[in-house]
Amino acid sequence: MTTGTGESEIVLEGLSKRYGTFTALEPTSLSVKEGEFLTLLGPSGSGKTTLLQMISGLVDPSAGRLTVNGEDWTHRPVNQRGMGLVFQHYALFPHMTVAENVSFPLQMRKLPAADISAQVEETLRKVQLDRFSHRFPKELSGGQQQRVALARCFVFRPKIILMDEPLGALDKALREHMQLEIRRLHKEYGTTVIYVTHDQEEALVMSDRICVMNHAKVEQLGAPHQIYSDPETVFSATFIGHSNVLKGTREAADDNWATVRTANGTFSGRYTARDKATQDVALVVRPEQMRVGPAPSSEFEGLRGRLSELVYLGSETRLLLTLADGTNIMLRHDPAAGAMPSIGEEIEVHWLKSLARVVA
Ligand SMILES: Nc1ncnc2c1ncn2[C@@H]1O[C@H](COP(=O)(O)OP(=O)(O)O)[C@@H](O)[C@H]1O
Ligand SMILES: [Mg+2]
């Protein structure tokens, strides 16, 4: 087992991919530390798979450089990288048992038979499949098959594992269980993992850092709590969790603080925009940061709107407010704050200024 030394293991410098005139990934620079769990998160078509496949060697970069532990791996053949790969379609060998599937990477590496059976047994125990070692893939559920695929990957102890939406075919309950399972395996083996998903909750649960991607570019890279509390762009603010967005024009600003003039009033907040040149900015406030009622002091700001919808979600009820210019705002109903307002009612909401963010 290895523990992260804090050294950057994988370094991308301006790595990009073009297909003819189409750009699948703009020049991208980032680094991944040994033992880190990094998630590429973004909507379909944002370039996640392209980026992952250039690291795996399955896609050849158009420009830029990839180094692993200081060695140039930009064009190194996939079979000389020794990385573990897990995809959504597990691609198990149907004519081989679970144990034979999992032993395959060790057979390829010509390990002694005794070592193979010991390692297979240990890995199957770790994914709780030791009782199924003689079954064939078609005799297993989707979740069990995906656990075989994970075992087949972890069994040869690769230092780097790349996973592309490995849980995409599973239902929600199983997906949540497998997320914790993968995280546990990652910790136990000390493997560096680069993980692709379009599911923001999955990214928040699993990752040391999240790389938010959109339109073939990295929007933001940071720890889950950083991205959640200090989004740099409207896209980051709305793709990870919900944000209320009031678009406007930047007025006063210094490094950390900015004022925005919007159709619904002038507001201020912490200035986290990455692009500080543009005047087109937006105030973002999370639903959980808004409360019903007039602003109680000058530390708060607020606005008024008409309650247009109530959304019941079991654990909470959300209020949807429509502002004068048609912008919609969402917040949670706080049972402690009084009775549920009725649809059509005009209500005031407020938030602590220091929690609002100004992004670009
Ligand atoms: N072999 C290819 N030829 C042409 N375009 C491609 C190819 N592979 C991917 N693309 C395009 O590149 C963009 C990014 O794709 P991809 O990296 O698969 O996105 P994601 O994994 O985020 O859904 C998409 O618009 C996709 O259609
Ligand atoms: Mg993809």
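Analyst: A residue counts as buried when its relative accessible area is under 20%, and as exposed when that area is over 50%. The model here is predicted.

User: Why is Cys153 called buried?

Analyst: The relative accessible area of Cys153 is 3%. Buried means under 20%, so the label applies to Cys153.

User: And what makes Cys211 buried or exposed?

Analyst: Cys211 has a relative accessible area of 0%. That value is also under the 20% cut-off, so Cys211 is buried.

User: How many disulfides does a search of the whole structure find?

Analyst: The search finds zero disulfides. A disulfide needs two cysteine sulfur atoms within 2.5 Å, and no pair in the structure qualifies.

User: What class does Lys110 fall into, buried or exposed?

Analyst: Lys110 has a relative accessible area of 71%. Exposed means over 50%, so Lys110 is exposed. This residue sits in the loop between H2 and H3. Its phi is positive, near 55°, although Lys110 is not a glycine.

User: Which other residue that is not a glycine has a positive phi, and where does it lie?

Analyst: Asn69 has a phi of about 50°. Asn69 belongs to the loop between strand E4 (63-68) and strand E5 (71-72).

User: Why is Arg184 placed in its accessibility class?

Analyst: Arg184, in helix H5, has a relative accessible area of 29%. The value is neither under 20% nor over 50%, so Arg184 is partly exposed. Its C-alpha is 32 Å from that of Gly14, with their positions 170 residues apart along the chain.

User: What makes Asp254 buried, exposed or partly exposed?

Analyst: The relative accessibility of Asp254 is 48%. That is not over 50% and not under 20%, so Asp254 is partly exposed. The residue lies in the loop between strand E11 (244-253) and strand E12 (257-262). From Asp254 to Val155 the C-alpha distance is 53 Å, and the two are 99 residues apart in sequence.

User: How do you know that the side chain of Asp254 makes a polar contact with the backbone nitrogen of Asn256?

Analyst: A polar atom of the Asp254 side chain lies 2.9 Å from the backbone nitrogen of Asn256. A polar contact requires N or O atoms within 3.5 Å, so this distance passes. The same side chain also reaches the backbone nitrogen of Trp257, at 2.8 Å.

User: Which residues surround ligand 1?

Analyst: The shell consists of Tyr19, Phe22, Ala24, Pro43, Ser44, Gly45, Ser46, Gly47, Lys48, Thr49 and Thr50. By class, four are nonpolar, six polar and one charged.

User: Which backbone atoms make polar contacts with ligand 1, and at what distance?

Analyst: A polar backbone atom of Gly45 is 2.7 Å from an oxygen atom of ligand 1. For Ser46 the corresponding distance is 3.1 Å. A backbone N or O atom of Gly47 lies 3.0 Å from a ligand oxygen. Each of these values is within the 3.5 Å limit, so each pair is a polar contact. Ligand 1 exposes 560 Å² when taken alone, and the protein buries 60% of that. Strand E2 (22-33) and helix H1 (48-56) are the elements that give two or more residues to the shell. H1 gives the most, with three residues.

User: Why is H1 described as largely enclosed by the rest of the structure?

Analyst: Eight of the nine residues of H1 are buried, so the description holds. The buried ones are Lys48, Thr50, Leu51, Leu52, Gln53, Met54, Ile55 and Ser56. After H1 comes Gly57, which has a positive phi near 95°.

User: Which residues of the largest nonpolar core touch the most other members?

Analyst: The core has 32 residues, and Leu124, Met163, Ile182 and Tyr195 touch the most other members. At least two core residues each come from helix H2 (98-108), helix H3 (113-126), helix H4 (142-154), strand E7 (160-164), helix H5 (172-189) and strand E8 (192-197). H4 supplies the largest share, six residues.

User: What percentage of the chain's residues count as buried?

Analyst: Of the 360 residues, 49% count as buried. The chain has eight helices and 20 strands, and its C-alpha trace spans about 75 × 45 × 40 Å along the principal axes.

Key:
Residues numbered from 1 in each chain as written. Chains lettered and ligands numbered in written order. Predicted model: local features only at pLDDT ≥ 70, side-chain atom pairs only at ≥ 80, totals over all residues. Heavy atoms only, no water. Near = heavy atom within 4 Å. Polar contact = N/O pair within 3.5 Å; in protein donor to acceptor, adjacent residues only side chain to side chain. Areas by Shrake-Rupley, 256 points an atom, 1.4 Å probe, with all protein chains shown as cover. Helix = DSSP H or I, 4+ residues; strand = E, 2+ residues; numbered from the N terminus. Nonpolar A, V, L, I, M, F, W, Y, C, P; charged D, E, K, R; others polar. Buried < 20%, exposed > 50% of the residue type's maximum accessible area, 1.4 Å probe, protein only. Core = buried A, V, L, I, M, F, W, Y, C linked by side-chain atoms within 4.5 Å.
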